[in-house]
Amino acid sequence: MIRPKQRDLFAVIGNPVAHSLSPVMMEAAFAELGFSAVYLALEVDSISEDLDILWNFGFRGLSVTLPFKEAAFLFSQFTEETARRIRAVNTLRRHENGWEGTNTDWIGSVRALEQVSPLRGKRVLVLGAGGAARAVVYGLIRSGAAVSISNRTPERGEALAQAFRCGFVPLAELEKDHSGESFDVVVQCTSAGLLGDEDPQVVPDSFFLPGMIVMDTIYTPQWTTFLKKARNAGCSTVPGSEMLLHQGAMQLEWWLGREKLEPAVIGAMRDALSKALADG
Ligand code: NDP
């Protein structure tokens with residue numbers, strides 16, 4: 001039996017996990033909070049077995065990243081309502097009798113967007129219908145936005161729209177002139193163009209209109225081609241690193257039982273992320 005000396009053990013679990021930005025972000029937060037916790041990046045193979053090992057080791061909280069968010073939902077002993085609606089868990093905490101799972105991606109997207117404008121009553125287009133889109137759609141609806149979804153594979157987009165009772169827009173509609181006038185906010189939730197090695201053209205350049213709020217969930221690179229096009233067209237842009245930052249802040253609040261992190265802690269996390277993204 002191994003008993004670690006440190007009491008406050010946290011980690012991000014995923015595969016691969018070497019390039020995760022969570023450790024630098026969380027270490028910056030713990031330093032600012034004056035809290036001597038340890039936060040590791042752990043590559044795991046089988047979440048069903050590895051969660052037991054991490055439990056026995058005494059871990060207090062876990063961030064869950066690709067490809068385990070759905071599996072973490074299935075293998076947590078307890079789940080919060082948000083995780084059940086999104087059907088994915090990106091955060092686990094030690095509960096008396098087992099792991100308790102929640103999802104903070106939705107609030108990450110809401111807090112990131114609401115730094116620019118309240119979402120209530122806004123007409124929002126979500127591009128994509130995968131796990132990230134599901135969390136974002138949940139958050140937008142909860143915030144009172146009128147949501148429409150568009151996706152490359154229409155059946156998948158329609159299924160998500162049906163699950164959350166929102167609109168579905170075929171991609172061809174977005175190619176028509178003036179189609180951008182129907183939306184105040186656009187959130188890019190596809191994985192097209194991840195790592196910046198292609199120009200994904202998820203929507204035509206003419207879609208972006210001055211005054212629109214545009215967020216890309218992709219954060220490597222921080223300024224994606226999608227965001228650069230939106231910025232050039234006069235949109236207010238929100239990088240995916242802001243969603244990452246705020247979902248991480250919510251994880252800390254949930255693990256530590258705190259109401260809301262102070263601006264200085266958020267600032268330290270943002271600085272650490274910006275530096276890590278700039279260093280590549
Ligand atoms: P999924 O694999 O679940 O879904 C991928 C989505 O992208 C699908 O809708 C898919 O469409 C679409 N897609 C993929 N390639 C293309 C393409 N070439 N053109 C158009 N659509 C395409 O991925 P996730 O939802 O889990 O992740 C999506 C993105 O969100 C990732 O880039 C991830 O890094 C990011 N993310 C960011 C977070 C943050 O904190 N900033 C948090 C979580 C995720 P189809 O159905 O047709 O296959």
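Phe 35 is partly exposed in this predicted model, with a relative accessibility of 26%. Its ring pairs with that of Phe 30 in a tilted arrangement, 5.6 Å from centre to centre and with 50° between the planes. Phe 30, for its part, is buried, at a relative accessible area of 3%. Because the limit for calling a residue buried is under 20%, Phe 30 at 3% falls on the buried side, while Phe 35 at 26% counts as partly exposed.

These two phenylalanines also belong to a wider group: Phe 10, Phe 30, Phe 35, Tyr 39 and Trp 255 form one aromatic cluster. Across the model, the count comes to 10 aromatic pairs.

Another of the pairs joins Trp 55 and Trp 99. Their ring centres are 5.5 Å apart and their planes stand at 80°, so this pair is edge-to-face. An angle over 60 degrees is what earns that label. Trp 55 sits in helix α2 (residues 47–57) and Trp 99 in strand β6 (residues 98–102), so the pair ties together parts that are 44 residues apart in sequence. Trp 99 is buried, at 2% relative accessibility.

Trp 55 has a charged partner as well: Arg 94 lies over the face of its ring, 3.9 Å from the ring centre. In a further arginine–tryptophan arrangement, the charged end of Arg 93 is placed over the ring of Trp 254, at 3.9 Å from the centre of that ring.

Now to the ligand. Here are three polar contacts that the protein makes with it.

| Residue | Protein atom | Ligand atom | Distance |
|---|---|---|---|
| Arg 152 | side-chain N or O | oxygen | 2.9 Å |
| Thr 217 | backbone N or O | nitrogen | 2.9 Å |
| Gly 240 | backbone N or O | nitrogen | 3.1 Å |

On its own, the ligand has 940 Å² of accessible area, and the protein covers 79% of this. Two elements, α6 (131–142) and α10 (240–256), each give two or more residues to the surrounding shell. Helix α10 gives the most, with 3 residues.

Which residues come nearest to the ligand? Of the 22 around it, they are Ala 129, Ala 132, Asn 151, Thr 153 and Arg 156. Sorted by class, the shell holds 9 nonpolar, 9 polar and 4 charged residues.

If you are looking at the structure as you read, the aromatic groups and the ligand shell are handy places to start. For the rings, begin with the tilted pair of Phe 30 and Phe 35; for the ligand, begin with Arg 152, whose side chain has an N or O atom 2.9 Å from a ligand oxygen.

Definitions and conventions:
Residues numbered from 1 in each chain as written. Predicted model: local features only at pLDDT ≥ 70, side-chain atom pairs only at ≥ 80, totals over all residues. Heavy atoms only, no water. Phe/Tyr/Trp six-rings, centres within 6.5 Å; stacked < 30°, edge-to-face > 60°. Buried < 20%, exposed > 50% of the residue type's maximum accessible area, 1.4 Å probe, protein only. Helix = DSSP H or I, 4+ residues; strand = E, 2+ residues; numbered from the N terminus. Lys NZ or Arg CZ within 6 Å of the ring centre and 35° of its normal. Near = heavy atom within 4 Å. Polar contact = N/O pair within 3.5 Å; in protein donor to acceptor, adjacent residues only side chain to side chain. Areas by Shrake-Rupley, 256 points an atom, 1.4 Å probe, with all protein chains shown as cover. Nonpolar A, V, L, I, M, F, W, Y, C, P; charged D, E, K, R; others polar.
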